[in-house]
2 protein chains.
Amino acid sequence: MTIATRLAEREDNRLPARLARSLRTITTRAGLPIEEFDSWFAERRQAHRFAVERLPLAKLQGWSSEPGGNLVHHSGRFFRVEGLHVTVGAREWQQPIIVQPEVGILGILAKEFDGVLHFLMQAKMEPGNPGLLQLSPTVQATHSNYTGVHRGAGVKYLDHFIGPGRGRVLTDVLQSEHGSWFLCKSNRNMIAETTDDLPPDDDFRWLTLGQIGTLLQRDHVVNMDARSVLACAPTTRPEAGALHSDTDLLSWFTMERARHDVRVRRVPLADVRDWVLTDEDIRHRDNRYFRVTGVSVEAGNREVTSWMQPLFEPVGLGLCAFLVHRFGGVPHVLVHARAEGGFLDTVELGPTVQCTPENYAHLPEHERPPFLDLVTRVGTDRIRYAAEHSEEGGRFLNATSRFLLVEASEAEAADEPPPGFTWVTPGQLSSLSRHGHYLNVQARTLLAVAGLCQGRL
Amino acid sequence: MTIATRLAEREDNRLPARLARSLRTITTRAGLPIEEFDSWFAERRQAHRFAVERLPLAKLQGWSSEPGGNLVHHSGRFFRVEGLHVTVGAREWQQPIIVQPEVGILGILAKEFDGVLHFLMQAKMEPGNPGLLQLSPTVQATHSNYTGVHRGAGVKYLDHFIGPGRGRVLTDVLQSEHGSWFLCKSNRNMIAETTDDLPPDDDFRWLTLGQIGTLLQRDHVVNMDARSVLACAPTTRPEAGALHSDTDLLSWFTMERARHDVRVRRVPLADVRDWVLTDEDIRHRDNRYFRVTGVSVEAGNREVTSWMQPLFEPVGLGLCAFLVHRFGGVPHVLVHARAEGGFLDTVELGPTVQCTPENYAHLPEHERPPFLDLVTRVGTDRIRYAAEHSEEGGRFLNATSRFLLVEASEAEAADEPPPGFTWVTPGQLSSLSRHGHYLNVQARTLLAVAGLCQGRL
């Protein structure tokens with residue numbers, strides 16, 4: 001080893017160009033021709049029986065309330081719904097929260113065909129997905145899927161991501177999930193490249209980044225996990241500079257993290273104030289935010305062919321928007337350092353606007369989130385991207401948001417952003433996405449859009 | 001703003017060369033000539049009355065035990081000593097822990113004289129420091145020092161680090177403190193550059209990195225906060241490559257973070273098993289690990305001229321060592337992904353060996369930490385660096401460790417490292433130190449040594 005040690009280059013400088021080539025490629029013979037996507041997807045939908053029925057929480061077999069009201073599975077597995085007391089500076093509230101302290105793997109397998117990187121995407125049904133079937137990563141494995149006695153059994157392609165035979169890693173980072181709904185949950189976001197000869201299974205197809213970018217412009221096709229993983233690949237274009245250097249950006253973020261005082265305390269679900277627990281569901285007394293409801297699932301293509309589980313169902317259509325503007329010819333987006341109770345550390349960078357507008361409809365404009373009125377009222381000529389996507393369908397039911405890129409006018413961009421907001425380039429966000437806990441999951445969806453739907457910024 | 005937007009370069013590519021020049025400079029007319037350091041330090045020691053006396057915990061004015069035994073200050077300020085239940089995989093223990101959920105600033109001010117960067121270092125006394133006086137950052141401010149009504153009052157040079165008139169930021173990152181003694185504590189590690197004309201106060205002198213590196217080779221001169229901040233500056237040399245690419249290193253770290261299951265629960269101090277609370281102190285029943293004891297301090301150069309406080313006092317001399325080896329001509333160090341109960345997220349990278357050897361003296365070799373016997377038994381010809389330094393003297397009493405860089409033989413370096421260990425370059429650690437929660441505080445001391453005492457690797 002020491003006599004003829006081969007050192008690696010610290011950075012794979014060819015990767016951005018390889019991703020850029022995949023991004024330019026829409027027509028492919030090796031993978032799935034894009035014009036055949038709809039028929040393949042329709043065929044997969046036909047191929048599997050997958051029925052979801054709503055059920056009252058009290059009727060979920062295997063689930064029950066502990067003393068104190070926490071909702072748990074009798075096996076101790078999967079996840080728990082508990083209560084959380086959150087203090088952010090002078091604001092204080094209590095809410096139900098999902099507790100699932102284990103790290104899953106979201107992995108996309110890559111392979112070069114005819115000199116172009118393709119990505120193995122899965123047509124996968126989840127009970128909470130609008131339309132049930134969405135385009136998902138190659139692998140979505142919970143911790144119990146990939147450890148212990150059942151190591152890897154039942155999860156196709158998993159051995160390309162872990163263990164001695166895994167592929168070449170292009171990306172591998174722990175990223176947060178929803179801080180308003182999960183307590184300190186994170187997942188490994190991975191891309192691994194293989195050179196193995198791998199004819200895809202029926203539910204899997206090789207797609208280029210350009211193809212995935214095309215599909216990302218449609219509603220409810222690309223699932224949250226796939227968007228999150230793709231956001232962690234360096235797909236953004238070279239940039240001539242930025243309003244703020246990377247050091248100044250990191251310093252601003254450090255200051256934001258330090259100035260926010262976020263404290264949380266787990267409390268029994270039955271004690272959570274302003275929330276009502278019934279046999280039917282768990283809901284806010286004013287029907288705001290979300291409710292916890294139950295579903296029964298019958299599936300034909302799963303190891304377990306039927307199960308019941310709780311899901312979090314938001315009350316309204318969400319809105320996640322970046323204001324975008326070119327400074328000195330370089331695209332920038334306006335990020336917001338958001339405090340969410342379930343974040344591991346005070347704040348992460350989110351979209352300019354991230355909320356469910358109807359939760360604020362009863363308030364006067366100055367009490368609504370900054371920029372909410374701006375992004376909902378601008379003319380369509382300033383909307384560079386708009387699509388509806390949903391959050392993870394294994395935990396969230398119809399958790400749909402409208403994702404927007406909205407151009408800021410010269411006058412709006414000239415204003416000093418309010419405290420907690422700053423302009424950054426997509427390239428800077430890409431650099432941060434190599435590390436965990438900088439970008440929240442909603443910002444990652446918009447970064448995936450910025451990277452894969454180029455020309456929108 | 002938009003018409004003539006000036007973009008910044010994302011990276012300040014001149015900074016490494018400027019730091020390298022400061023590192024090469026030992027002789028300076030602008031700052032403190034190194035041969036005058038001892039007389040200046042002796043003079044500062046004379047200038048201030050600073051008397052520390054040990055006291056039983058029960059005699060600490062202002063401090064008392066809450067119901068449940070937690071040790072608190074009657075003002076609710078400063079810090080608390082509580083109990084912590086820690087579970088790391090199959091291991092479980094309880095211990096006292098310091099709870100201080102606020103972010104302080106550790107800041108070093110930089111300024112160029114005659115084309116060479118100098119750093120404004122402070123001769124500062126802390127009650128727990130061996131020898132009391134150590135070379136410290138320009139600013140060590142707790143959160144209450146720099147916010148609220150007393151904003152900045154009493155903390156010299158603080159306005160160079162925060163607020164509208166601050167200097168140009170070279171480094172600003174939230175780094176963890178001791179995960180075995182603090183619960184989720186982090187501080188801002190900052191370097192800011194000024195062009196103001198600033199004659200230093202009596203307790204402050206301008207030093208080059210070369211001078212600080214010289215002092216870092218002596219015992220108990222450079223304090224922990226200064227070492228930590230300096231570790232976050234990109235002072236390492238250019239490297240031709242590394243055993244593992246940055247992506248592979250990040251992937252390994254992600255895997256280590258994901259595979260460790262670390263859970264903590266705060267418990268009342270009086271309930272902590274295996275620990276004995278008396279009026280005198282709090283100690284482990286076998287006198288292992290550390291004890292919590294009290295001191296009374298009389299100081300002549302502080303806003304508050306006398307106070308009493310608890311301090312954590314480790315039972316023995318610690319040992320923090322990196323195994324070092326050149327692979328393909330490039331220096332590498334062997335890092336260990338360590339789980340500590342107080343870390344925000346499962347593991348951080350620590351030295352190859354980090355322990356108090358006498359806590360393990362009663363165990364057979366195979367139950368002692370990996371590499372402990374190796375680094376304690378090697379001949380002096382393989383020791384590239386050795387010095388004693390202490391941890392922060394405001395919380396820890398005589399918390400001294402021997403810090404070592406120990407050369408691994410060809411045979412030792414050829415072995416595959418055990419799980420949880422990997423070889424990385426100082427340059428890779430420098431890149432990680434731009435972000436929080438990768439490097440623990442002990443690894444940061446050794447990284448500062450690697451950066452400032454070049455030629456030792």
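**Close-up views of a predicted model**

**View 1. A:Trp275 sits in strand 14 of chain A, which covers residues 275–277.** The model is predicted. A:Trp275 counts as buried because its relative accessible area is 9%, under the 20% cut-off. Beyond residues up to four places away in sequence, A:Trp275 touches A:Gln94, A:Gln95 and A:Pro96, as well as A:Ile282, A:Arg283, A:His284, A:Arg288, A:Tyr289 and A:Phe290. One of these partners, A:Gln94, offers its backbone oxygen, which the A:Trp275 side chain reaches at 3.2 Å.

**View 2. UniProt's "binding site" positions in chain A include A:Trp275 and A:Thr356.** The entry is unreviewed. It also lists A:Ser180, A:Arg338, A:Gln354, A:Cys355, A:Asn359 and A:Tyr360. These positions span 181 residues of sequence and are spread in space too, with up to 23.6 Å between C-alpha atoms.

**View 3. A:Thr356 lies in a loop of chain A, between strand 21 (353–355) and helix 7 (372–377).** A:Thr356 is buried, with a relative accessible area of 15%. Its contacts, leaving aside neighbours within four places in sequence, are A:Gly316, A:Leu317 and A:Gly318.

**View 4. Cysteines of chain B: the structure holds zero disulfides over all chains.** B:Cys184 is in no disulfide. Its nearest cysteine sulfur belongs to A:Cys184, 9.1 Å away. B:Cys184 is partly exposed, at 39% relative accessibility. B:Cys320 is in no disulfide either, and the nearest cysteine sulfur, on B:Cys355, is 8.2 Å away. B:Cys320 is buried, with a relative accessible area of 2%.

Conventions:
Residues numbered from 1 in each chain as written. Chains lettered and ligands numbered in written order. Predicted model: local features only at pLDDT ≥ 70, side-chain atom pairs only at ≥ 80, totals over all residues. Heavy atoms only, no water. UniProt positions renumbered as here; feature names shortened; annotations may be inferred. Helix = DSSP H or I, 4+ residues; strand = E, 2+ residues; numbered from the N terminus. Buried < 20%, exposed > 50% of the residue type's maximum accessible area, 1.4 Å probe, protein only. Contact = heavy atoms within 4.5 Å. Polar contact = N/O pair within 3.5 Å; in protein donor to acceptor, adjacent residues only side chain to side chain. Disulfide = S-S within 2.5 Å.
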